[in-house]
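Here's a quick briefing to read with the model open in your viewer. Have a look at the chain first, then work through the points by topic.

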Amino acid sequence: TVPITGLENDLLTDINIFPNPFHDKLTISSIENSTEVNIRLFDLQGRTYFSHRYNSLDNSLSIDVSQLNEGIYVMKVDVTGNSLTRKIIKLY
């Protein structure tokens with residue numbers, strides 16, 4: 001499950017998730033190349049909508065989230081033992 005407290009932690013300061021709010025796509029960008037990146041997207045009840053492990057994150061990654069309903073979600077990005085958790089908003 002995703003912790004609801006501490007959603008804006010900044011252990012990974014070189015990773016950005018945008019736009020926020022979003023419509024059809026989310027972009028995750030990194031200043032540095034990263035290996036073993038795990039990205040998960042949850043709703044506030046803890047249901048997983050997206051979960052994928054990537055071997056690397058080279059500059060940016062675009063994720064199609066057009067199938068999601070309007071609402072508030074939580075995205076967690078784990079990179080080599082560090083994590084970034086952000087509250088993100090889906091608009092129509």
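What follows is a short tour of the fold, the core, the loop with the prolines, and the side-chain pairs.

Keep in mind that this is a predicted model. The protein chain has 7 strands and 0 helices, so to speak an all-β readout from the N terminus on: β-β-β-β-β-β-β. Of its 92 residues, 40% count as buried.

**Overall numbers**

- The protein chain exposes about 5500 Å², and carbon and sulfur atoms supply 47% of that area.
- Take the contacts between residues at least 6 apart in sequence: 59% of them join residues at least 24 apart.

**The nonpolar core**

- The largest nonpolar core has 20 residues, and the ones touching the most other members are Ile17, Ile28, Ile39, Met75, Val77 and Ile88.
- Which elements give two or more residues to this core? They are β1 (15-18), β2 (25-30), β3 (34-43), β4, β5 (60-64), β6 and β7 (82-90).
- Strand β6 provides the largest share of the core, with 4 residues.
- Ile17 is a handy place to start clicking around. Leaving aside neighbours within four places in sequence, Ile17 is in contact with Leu26, Thr27, Ile28, Met75, Val77, Leu84, Arg86 and Ile88.

**The loop between β1 and β2**

- There's a cis peptide bond from Phe18 to Pro19, with omega near -10°. Pro19 sits in the loop between β1 and β2.
- The peptide bond from Asn20 to Pro21 is cis as well, with omega near 10°. Pro21 lies in the loop between β1 and β2.
- Asn20 is also found in the loop between β1 and β2. Is Asn20 buried or partly exposed? Asn20 counts as partly exposed, because its relative accessibility is 41%.
- What does Asn20 touch beyond its neighbours within four places in sequence? Its contacts there are Lys87, Ile88 and Ile89.
- Asn20 and Leu91 are 71 residues apart in sequence, yet their C-alpha atoms are 9.3 Å apart in space.

**The aromatic pair**

- The count of aromatic pairs comes to 1. The partners are Tyr49 and Tyr73, with ring centres 5.6 Å apart and planes at 90°, so the pair is edge-to-face. The angle cut-off behind that label is over 60 degrees.
- This pair links distant parts of the chain: Tyr49 is in strand β4 (residues 48-57) and Tyr73 is in strand β6, 24 residues apart.
- How do the two rings' residues fare for burial? Tyr49 is partly exposed, with a relative accessible area of 38%, whereas Tyr73 is buried, with a relative accessible area of 5%.

**Salt bridges**

- How many salt bridges does the structure hold? The structure holds 2.
- One of them joins Asp78 and Arg40, where the closest N and O atoms are 3.3 Å apart. That pair links distant parts of the chain, with Asp78 in strand β6 and Arg40 in strand β3, 38 residues apart.
- Arg40 counts as partly exposed, because its relative accessibility is 23% and buried means under 20%.
- Asp43 and Arg47 form a salt bridge too, with the closest N and O atoms 2.6 Å apart.
- Within that pair, Asp43 is buried, with a relative accessible area of 7%, whereas Arg47 counts as partly exposed at 47% relative accessibility.

**A nonpolar patch on the surface**

- Leu44, Ile72, Ile89 and Leu91 make a nonpolar surface patch of about 290 Å².
- Ile72 belongs to strand β6 (residues 71-79). Ile72 counts as partly exposed, because its relative accessibility is 38%.
- Two of these patch residues turn up around Asn20 as well: Ile89 is among the contacts of Asn20, and Leu91 has its C-alpha 9.3 Å from that of Asn20.

**Strand β6, pulled together**

- Strand β6 keeps coming back in this model. It gives the core its largest share, 4 residues, and holds Tyr73 of the aromatic pair.
- Strand β6 also holds Asp78 of the salt bridge with Arg40 and Ile72, one of the residues of the surface patch.

Note on methods: Residues are numbered from 1 along each chain as its sequence is written. This is a predicted model: local features need pLDDT of at least 70, side-chain atom pairs count only at pLDDT 80 or more; totals for chains, interfaces and linings use all residues. Side-chain values use heavy atoms; hydrogens and water are left out. Patches are made of residues with over 30% relative accessible area and no salt bridge: like charges are joined within 9 Å, nonpolar side chains (Val, Leu, Ile, Met, Phe, Trp, Tyr) within 5 Å. Accessible areas come from the Shrake-Rupley method with a 1.4 Å probe; for residues, only the protein chains shown count as cover. A salt bridge is a side-chain nitrogen of Lys or Arg within 4 Å of a carboxyl oxygen of Asp or Glu. Buried means under 20% relative accessible area, exposed over 50%, partly exposed in between (1.4 Å probe, protein chains only). Rings of Phe, Tyr and Trp (its six-membered ring) pair if their centres lie within 6.5 Å; planes under 30 degrees apart count as stacked, over 60 as edge-to-face and the rest as tilted. A nonpolar core is a set of buried Ala, Val, Leu, Ile, Met, Phe, Trp, Tyr and Cys residues joined through side-chain atoms within 4.5 Å. Contact means heavy atoms within 4.5 Å.
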